[in-house]
Amino acid sequence: MSTATLPPPLTRKDFQTDQEVRWCPGCGDYAILAAVQSVFPELGIPREKFVVVSGIGCSSRFPYYMNTFGFHTIHGRAPAVATGIKAIQPDLEVWVATGDGDALSIGGNHTIHLLRRNVGVKVLLFNNRIYGLTKGQYSPTSEFNKKTKSTPFGSMDRPFNPVSLAIGSEATFVARSVDVFQSHLKDTLKAAAKHRGSAFIEILQNCNIFNDGAWTSLTEKDARTEHVLVLEHGKPLIFGKNRDKGIRRKPDGDIEVVTLGNGIKPEDLVIHDAHQTRASYAFLLSHMEHRPGFPTPIGLFRSWDDLPRYEDVIQDQVKNVIAKRGRGDLDKLLQTGDTWEVK
Amino acid sequence: MSTLVESPQTKSKREVIDRAVIRFAGDSGDGMQVTGSQFTNTVALYGNDIATFPDYPAEIRAPAGTIPGVSGFQLHFSSNEVYTPGDAVDALIAMNPAALKVNLAELKANGILIVNSDSFQETDLRKAQMETNPLEDHSLDKYRLFPVELERLTKLALEEVKIDAKAKSRCKNFFALGMCYWLYNRSMEPTVRWIEEKFHNKPLLVEANKLALKAGYSYCEATEAFQISYEIPPAHLSPGIYRSISGNQALALGFVAAAEKAGLTLFQGSYPITPASDILHELSHYKDFGVITFQAEDEIAAITSAIGAAYAGALAITTTSGPGMALKTEAMGLAVAVEIPLVICDIQRGGPSTGLPTKTEQADLLQALFGRNSEAPIPVLAASTPADCFWTAVEASRIAIKYMVPVIVLSDGYLANGAEPWRIPKASEIPAIPVHFATDPQGFLPYKRDPKTLARPWAIPGTPGLEHRIGGIEKQDVVGNISYEPLNHEKMVRTRAAKVEAIAQDIPPVAVDGDPEGELLVVSWGSTAGSIAAAVKAQRARGTKMGHVHLRHLNPLPGNMGDVLKRYKKVLVPELNMGQLLWVLRAKYLVDAQGLNKIQGRPFRQAELEERFAEILGKRERVQ
């Protein structure tokens, strides 16, 4: 086929629908939608191959605004629906849009099972640490003692760390980005798109109505550099306004925050390796934000793509059995076992 | 009717009879289900008509020798038509005192009673809560009692086999099976073949089981213990190739056949649950048909993965039992709203909650009809016999695809595990199921309906130009965008209902078995078909003008149902529940129907049906 017959390349506009976007003005979801709409045309995948699947919640309105195949399912079940789609059509590019309540509370079971099976689905978890669509109850990522509509004296639940949960579920691609860090978010989405197995991205997202400022400790101008550690494969773990702090391994295997200088050089720090086969290193990274003085990492925690995709394992098993037994014959099947003839 | 002939091999007599009911009972570790299945297979291969009733506890191994641990398998085989596994038992094989205690009440007076006398020691009796030894206290005098030292004799027969004592003891069920083959003049050949296949890489077990089987047979021959043996000639079934089949096997094969006939991949999303798991086991073998079986993380993922698969263009099914149905309800509503083909199988069991996992009950008709939020009508079909499960699966798939709807199939524990002879259809006899995937972007709209079936297009992802969004939120008619508009909602609710209601035009009208009008109409559905048909036949033979309607389609009901109900003075609806179809018929047709309701985890006995007929007809005579 000559290049002349190729359809014109897709643009961001090709992925927009005629539906009015109905998120609250100022919602972080707009930024995520914009990033996805600008990344999809760059992937070189025909539009009809995309399926966006969602559950319930503000984030789950996402499919209506994407001019692809879209399926707005029921609360928490998008990963299971996506698994069924991939089992039948492994070549589709299936993205799940979900939230902290949808993916980690009502649908927690499906999220972990999708990841451990390594279904070739991309999961975008919009984490605003609140229930927005039901107007302001605490979520499974809300901080302890949070005062919300359903917890006037403070919530008594300890939160999930979505990245730790995904790594604990043996996810092969785990990343974190932020709604307002547009270029970082786009790069992260592109990296996820390249991953064949399950890809899980926690996107820190602001709900300016019910949980405004959920992430300001990371997104405000100064905080951004002081408290955020941007993970880059092959580079040392350095952070801080003056890029003078880093993460170093201790002899006991744990990590510590050190200040560069006084004989401590960048090469003494942990050099980030996102491609490790085992998940323990990524898990250690995912937990540092809970410790005093440690930064919050964003970027790729883990990107290891050697595990076969679930849908390929399914299809291979079918192929192997057919190769061994031949394609099934219905008459033979019905007459399996002991039969007798009545004349 | 019986004829006595001299048996050529031995001095014992051989009697030709037309039917027998045999029950194997023992501990759940005694292999009674295998023993019963083997006997079933052998008599079916010989050409008898059969019906079976496996009855086993929910516990894998309740404490050995106790009453809760008793597992039974009943078989009715005949040279005539068989409708039920039989009310009363002609021959009972009891492997221990508990099995004897649980099953003795159903043994006919003068019935054959074979007991394993080695298991009637003091401790065994205590476990069965028996104060005296029934083998010695004359309490069994009204039966033909044959105490056999099954344990000792089996071990003796296997003396030379190099397996441990425990493994030898486990072969005693085949010793008993060998005895039964002698008693009913059946060949050991099919079971020998089965043993060789089953243990093909364990030659010592092949040897041990074959020896035990043959020793049991020879024991009868040598000792002439029974003095009489029985011969039941083959039944006159309609010509064809037959096999014995259980309801769960038949459902599995039905879906494979439907997928082949539709040219679609079969996808099954399922979570293990009694008594439905065997469908998953069965289908997981058929990868050579491209079947995809997905053992999901829970019941909800089982159905939602199936919804995803259907959306992507598969014939998708999910299989479960009552508690699992309850978990699937929200997802069923989604399937109704997005209008995709899906078959949901509920293999009913006693409820509520966990209820009676291994016992049968027509528990979930109302759940199937109404168990969803809001107005979410779903076509409901029920299978009537194990073999009928095959055709019910094919029919459910046809409706789901043609009308773009989820469809519920009801079976139950009794059909799932029970077996009967099945005339195997040729693949060419099974009608094709046409499938039309939308491909033309010109004028495509996701909710633009076929004017005749009201089905919306099946537009699967990957089709260029058909990108569109669907979901559980109410959709604008034709266009499919989100719509909260009041009149649009009413229109969509009514349209979905009308689509399901219109299926009544596409199913056979009610066919009455018996008199087209008269004193009494008996209406039934599901697994009670056999016992009710037999009871109606017996009652009509006594001169009552009555008819029997057995429904396969429970939603929508056949178009002439109301007319048929009006032709009889009285209507009786026997059900293994509190009266669920009864409730529907009374509500829908304003008919003063009455019920016969049994909620004991067991099927109807023919006699209790006939007693109720007599009562309702005002003839309170005792029924034999």
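In this predicted model, residue B:P275 is located in the loop that connects β11 to α10 (277-283) of chain B. The peptide bond leading into this proline, from B:T274 to B:P275, is cis, with omega near 0°. A second cis bond occurs from B:N555 to B:P556, where omega is near -10°. B:P556 also belongs to a loop, the one between β22 (553-555) and α18 (561-566) of chain B. These bonds deserve attention because most peptide bonds are trans, just as most residues other than glycine have a negative phi.

The angle phi provides further examples. B:L454 has a positive phi of about 65° although it is not a glycine. B:L454 is placed in the loop between β17 (419-423) and β18 of chain B. How many C-beta neighbours lie inside 10 Å of B:L454? There are 19, so B:L454 counts as partly exposed. In chain A, the residue A:K135 likewise has a positive phi, near 75°, and is a residue other than glycine. A:K135 is found in the loop between β5 (130-131) and β6 (137-138) of chain A. Because 11 other C-beta atoms lie within 10 Å of A:K135, this residue is exposed.

A loop residue may also be buried, as B:Q362 illustrates. B:Q362 sits in the loop between β14 (342-348) and α13 (365-370) of chain B. With 27 other C-beta atoms within 10 Å, a count that reaches the cut-off of 20 or more, B:Q362 is therefore buried. Which residues does B:Q362 touch, not counting those up to four places away in sequence? They are B:Q348, B:D412, B:G526, B:E575, B:L576, B:N577 and B:Q580. By contrast, B:G562 is 200 residues away from B:Q362 in sequence, and the C-alpha atoms of these two residues are 23 Å apart in space.

From single residues we may turn to chain B as a whole. Chain B contains 20 helices and 24 strands. Its radius of gyration is 27 Å, close to the 25 Å that the globule rule gives for 624 residues, so chain B is as compact as a globular protein of that length. Taken along the principal axes, the box filled by the C-alpha atoms of chain B is roughly 85 × 60 × 45 Å. Of the 624 residues in chain B, 54% are buried. Among contacts in chain B between residues at least 6 apart in sequence, 75% join residues at least 24 apart.

Chain B is divided into four domains: domain 1 (3-231), domain 2 (243-429), domain 3 (436-506) and domain 4 (513-616). The centres of domain 1 and domain 2 of chain B, taken over C-alpha atoms, are separated by 35 Å. Where these two domains of chain B meet, 12 residues of domain 1 are in contact with eight residues of domain 2. On the domain 1 side, the elements that give two or more residues are α1 (32-46) and β4 (49-55) of chain B. Which of the elements gives the most to this side? β4(B) does, with six residues. Sorted by class, the side of domain 1 of chain B that touches domain 2 of chain B has eight nonpolar, three polar and one charged residues.

The final step is the meeting of the two chains. Here 60 residues of chain B are in contact with 51 residues of chain A. Several elements of chain B each supply at least two residues to the side that touches chain A, including α1, β10 (240-246), α9 (247-262), α12 (322-338) and β18 (469-471). The largest share, nine residues, comes from α11(B). By class, the side of chain B that touches chain A has 34 nonpolar, 16 polar and 10 charged residues. In which sense do strand β2 (residues 69-72) of chain A and β18(B) pair? Their pairing is in the parallel sense, over three bridges. A:G70 stands opposite B:R469 in β18(B).

It remains to consider the confidence of the prediction. The average pLDDT of chain B is 95, and 97% of the residues score at least 70. For the complex, the predictor gives an ipTM of 0.97 and a pTM of 0.94. Where pLDDT is low, the predicted coordinates should not be read in detail.

Technical notes: Residues are numbered from 1 along each chain as its sequence is written. Chains are lettered from A and ligands numbered from 1 in the order in which they are written. This is a predicted model: local features need pLDDT of at least 70, side-chain atom pairs count only at pLDDT 80 or more; totals for chains, interfaces and linings use all residues. Domain bounds come from an automatic or database domain assignment. Two residues are in contact if their C-beta atoms, placed from the backbone, lie within 7 Å. Helices (H or I, at least four residues) and strands (E, at least two) are DSSP runs, numbered from the N terminus. Ala, Val, Leu, Ile, Met, Phe, Trp, Tyr, Cys and Pro count as nonpolar, Asp, Glu, Lys and Arg as charged, and the others, Gly among them, as polar. Two strands pair if DSSP finds at least two bridges between them. The radius of gyration is taken over C-alpha atoms; the globule rule is 2.2 Å times the number of residues to the power 0.38. A residue is buried if 20 or more other C-beta atoms lie within 10 Å of its own, exposed if 12 or fewer, and partly exposed in between; C-beta atoms are placed from the backbone. pLDDT is the predictor's confidence in each residue, from 0 to 100.
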